[in-house]
Amino acid sequence: MQNDAERMSRRERSVESIDRRAAGDGLARTPDPPYWAVIFSTHRDEQPGDRYDQTAQRMMTLAAEQAGFLGVETAHSDIGITVSYWTDEASIAAWKRDADHAFAQYEGRARWYDAYELRVARVERAHRFVRDHP
């Protein structure tokens, strides 16, 4: 069984390799509201060699190619949270129907997740702060 430091190191490497369409601070760049957020919270059933990280990276790459995709932010510890941002509900629905994504969803339920919650929300307000560094 991997210890927490090894697991985090592996996840951090995976997250760093994803094109997140992010600002220099690692946060997704989104337009002025309104836009949509899909919040995917997970509890993983980690198994050695399960190819989860490769599939997650592929899904991030494919999502970024979808019409209406604005960006993504992700964090992992005891639970994983991925928030993807979209221009409209139709774009979210099209991504849900993507064949590769549908197969990854099946794999998630069959073997990668002990539990997950998916929430879709319209973003009405957003504020940004970035510290200036000398």
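Which elements do the buried residues of α4 pack against? I will come back to that after a short look at the chain and at how far the model can be read.

This is a predicted model. The average pLDDT of the protein chain is 85, and 81% of the residues score at least 70. The weak part is residues 1–24, where the pLDDT is below 50. That stretch still has 35 contacts in the model beyond near neighbours in sequence. Where pLDDT is low, the predicted coordinates should not be read in detail. I will leave that stretch there.

Now the overall layout. The protein chain has four helices and four strands, and from the N terminus on they come in the order α-β-α-β-β-α-α-β. Of the 134 residues, 34% are buried. Among contacts with a separation of 6 or more, 74% are between residues 24 or more positions apart. The accessible surface is about 8900 Å², and carbon and sulfur atoms account for 51% of that.

On to α4. This helix covers residues 99–112, which is 14 residues. From first C-alpha to last, α4 spans 18 Å, close to the 20 Å expected at 1.5 Å a residue. At the N-terminal end, Asp98 acts as the cap, with a side-chain oxygen 3.0 Å from the backbone nitrogen of Asp100.

Which residues of α4 are buried? They are His101, Ala104, Glu107, Gly108 and Trp112. Viewed down the axis of α4, these buried residues fall within an arc of 115 degrees, so they line one face of the helix. The general background is that an α-helix has 3.6 residues a turn, so residues three or four places apart point the same way. On the other side of α4, Ala99 and Phe103 are exposed.

That brings me back to the opening question. The buried residues of α4 pack against four elements: β1, residues 35–44; α2, residues 52–64; α3, residues 89–97; and β4, residues 113–123.

One residue from α3 to finish. Ser91 lies in that helix. Is Ser91 buried or exposed? The cut-off for buried is under 20% relative accessible area. Ser91 has 9% relative accessibility, and therefore counts as buried. What does Ser91 touch, leaving aside residues up to four places away in sequence? Its partners are Ala67, Gly68 and Trp86.

To recap, the buried residues of α4 line one face of the helix, and they pack against β1, α2, α3 and β4. Residues 1–24, with pLDDT below 50, are the stretch I set aside.

Technical notes
Residues are numbered from 1 along each chain as its sequence is written. This is a predicted model: local features need pLDDT of at least 70, side-chain atom pairs count only at pLDDT 80 or more; totals for chains, interfaces and linings use all residues. Side-chain values use heavy atoms; hydrogens and water are left out. Helices (H or I, at least four residues) and strands (E, at least two) are DSSP runs, numbered from the N terminus. Buried means under 20% relative accessible area, exposed over 50%, partly exposed in between (1.4 Å probe, protein chains only). Contact means heavy atoms within 4.5 Å. Accessible areas come from the Shrake-Rupley method with a 1.4 Å probe; for residues, only the protein chains shown count as cover. The expected span of a helix is 1.5 Å times one less than its number of residues. The arc is that of the directions from the helix axis to the C-beta atoms. A polar contact is a pair of N or O atoms within 3.5 Å; within protein, one must be able to donate a hydrogen and the other to accept it, and residues adjacent in sequence count only if both atoms are side-chain atoms. pLDDT is the predictor's confidence in each residue, from 0 to 100.
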